[in-house]
Every structure is written in C-alpha cells, then in structure tokens.
Amino acid sequence: MSDLGRQAHWQSVYTTKDEKNVSWFQERPDISIDLIHATGLDANASIIDIGGGASRLVDALLAEGFKTVTVLDLSEKALTISKARLGARGARVQWVVGDVTTWEPSQTYDVWHDRAALHFLTDSKDRAAYTERVSKAVRVGGHVIIGTFAPDGPELCSGLPVIRHDARTLGALLGPSFELAESRRHDHQTPASAIQKFQFSRFRRIRGRSRNRIARGP
C-alpha cells in the first residue's frame with residue numbers, strides 16, 4: 001500500500017469509528033508502561049510513540065511525569081482525538097503527522113515505542129525504511145519496544161493484511177546494533193471481547209550505525 005493509501009485508510013478509520021470501538025483500544029496500556037519502566041529510564045527520557053494515534057499511552061506517560069513525549073501517526077484525525085482528550089496537557093506533547101517509512105527524525109530518542117504499527121508493513125521495502133528510521137532515531141543505549149501480532153495472532157486487522165512477528169524476526173529486522181532484552185506474550189481483549197495474540201519485544205541499542213569501509217589499494 002502506498003503512503004497516500006495508508007494515510008487515507010487510517011483517516012477514514014478514525015473519522016468513522018469511535019476510538020473506544022476499534023479493536024486495538026486499551027483503556028490503559030499496562031504492558032507498554034511496564035516495558036518502558038523496565039528500561040530503567042527516568043522522567044527525563046525522550047520517548048516517541050510510533051503510530052500512537054488515539055492511544056492512551058500518551059496520557060499515562062504524562063501522568064507519570066515524563067517530560068519529552070512525541071506521538072507520530074499517519075492520521076491527523078487520530079492525533080486530534082488525543083489532543084482533545086488531553087486538553088491543556090496536550091501542549092506538553094510533540095505531535096507529528098507522518099508516515100514512519102518516510103519521516104525524517106529531527107532528534108534522537110531514548111525510547112522508540114510501537115504497538116501495532118510495524119505489523120502493517122507487508123512490503124519489504126517499507127520494513128527496510130522503518131528500520132532505517134529506527135537507526136536514525138534511537139541513540140546508542142536507547143531502547144526499542146515493538147508490539148505486533150504474534151505468530152499465532154490474527155492475519156488481518158482493520159481489513160488489512162499484517163505480518164506476524166516474534167522476537168527472532170524482529171531481531172533479524174533490526175540487525176546486530178540492537179540486542180534483545182526481553183520478550184513477552186500478551187493476550188489483548190478487544191472491545192468486542194475477542195482475544196488477539198500479541199508479542200512485545202524490547203531491544204537495547206548497543207552500537208551505532210555501521211559505515212562502509214573505504215576500500216584501500218595494495
């Protein structure tokens with residue numbers, strides 16, 4: 001799916017459906033909060049939520065005193081919903097409307113969090129672009145938290161195909177600069193009471209971006 005196609009899809013979803021009726025809704029994203037706590041970082045950590053949309057993670061982070069929070073999403077409507085819900089607190093958040101596969105980070109972050117964005121990238125070129133943004137955006141010593149449908153999870157979401165992952169496939173995607181810290185299974189109950197099988201993996205960046213060596217003559 002093209003960038004414009006993805007954007008139009010998610011704009012339509014958030015324009016036509018109440019945020020509490022979409023399958024991925026969580027009143028409180030406890031597993032994401034637990035994994036962010038597991039990094040050991042304090043409230044001064046810079047956190048970006050990829051595909052954060054109308055998620056309540058930003059609410060929880062602000063309530064816990066985190067000072068530097070960015071939310072990136074394709075859908076301007078989704079971000080508008082979050083801003084309206086937060087009211088004046090929303091001014092403390094950096095809101096970015098953009099596609100993670102083409103977005104250019106203007107800073108580095110201590111935590112990259114993504115719940116259910118990566119698994120929609122079914123094209124290998126989009127996944128390569130995603131990992132390129134991770135490499136640009138996450139500092140050495142920083143953490144990458146990715147939640148996707150598990151290998152036994154759904155094959156479709158919001159009418160779109162997904163690629164299911166586990167810690168091994170995510171590690172292969174991120175490459176040797178990232179070391180697996182932990183992986184957890186998670187059963188998400190949708191507003192319709194269905195159970196979706198998720199996995200969440202947390203990686204730590206252990207080295208910077210590799211550079212091609214210049215070939216030297218004899």
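Does S46 count as buried or exposed, and at what relative accessibility? Keep that residue in mind while we walk through this predicted model; the answer comes once the setting is clear.

Let's start with the whole chain. Its secondary structure comes to 6 helices and 9 strands. The radius of gyration is 17 Å, close to the 17 Å that the globule rule gives for 218 residues, so the chain is as compact as a globular protein of that length. Along the principal axes, the C-alpha atoms fill a box of roughly 65 × 35 × 30 Å. Of the 218 residues, 51% are buried. Among contacts with a separation of 6 or more, 72% come from residues 24 or more positions apart. On the outside, the chain exposes about 10,600 Å², and carbon and sulfur atoms supply 49% of that area.

Now look for the sheet. It is an open one, formed by 7 strands in the order 3-2-1-4-5-9-8, with mixed pairing. At its edges you will find strand 3 (93-97) and strand 8 (178-189), each of which pairs on one side only. From one strand to the next, the twist averages 15°. One pairing to trace is that of strand 5 (residues 138-149) with strand 9 (residues 195-205): the two run antiparallel and are joined by 7 bridges. There, I145 has R202 in strand 9 as its bridge partner.

Helices lie against these strands. Helix 5 (residues 124-137) packs on the sheet, where it touches strand 4 (109-115), strand 5, strand 8 and strand 9. Its direction makes about 145° with that of strand 5. Helix 4 (residues 76-86) lies across strand 2 (68-73) and strand 3, running at about 160° to strand 3.

Within helix 4 sits S82. This serine counts as buried because its relative accessibility is 1%, below the 20% cut-off. Leaving aside residues up to four places away in sequence, S82 touches G53, A54, S55 and W95. With G53 there is a polar detail to spot: the backbone oxygen of G53 lies 2.9 Å from a polar atom of the S82 side chain. T70 is 12 residues from S82 along the chain, and their C-alpha atoms are separated by 12 Å.

That brings us back to S46, which lies in strand 1 (residues 46-50). At 9% relative accessibility, S46 counts as buried, because buried means under 20%. Not counting residues up to four places away in sequence, S46 touches T68, Q107, T108, Y109, D110 and V111.

How values were computed. Residues are numbered from 1 along each chain as its sequence is written. This is a predicted model: local features need pLDDT of at least 70, side-chain atom pairs count only at pLDDT 80 or more; totals for chains, interfaces and linings use all residues. Side-chain values use heavy atoms; hydrogens and water are left out. Two strands pair if DSSP finds at least two bridges between them. Helices (H or I, at least four residues) and strands (E, at least two) are DSSP runs, numbered from the N terminus. Axes are lines fitted to C-alpha atoms, for helices over the stretch in contact, and angles run from 0 to 180 degrees between N-to-C directions. Contact means heavy atoms within 4.5 Å. Buried means under 20% relative accessible area, exposed over 50%, partly exposed in between (1.4 Å probe, protein chains only). A polar contact is a pair of N or O atoms within 3.5 Å; within protein, one must be able to donate a hydrogen and the other to accept it, and residues adjacent in sequence count only if both atoms are side-chain atoms. The radius of gyration is taken over C-alpha atoms; the globule rule is 2.2 Å times the number of residues to the power 0.38. Accessible areas come from the Shrake-Rupley method with a 1.4 Å probe; for residues, only the protein chains shown count as cover.
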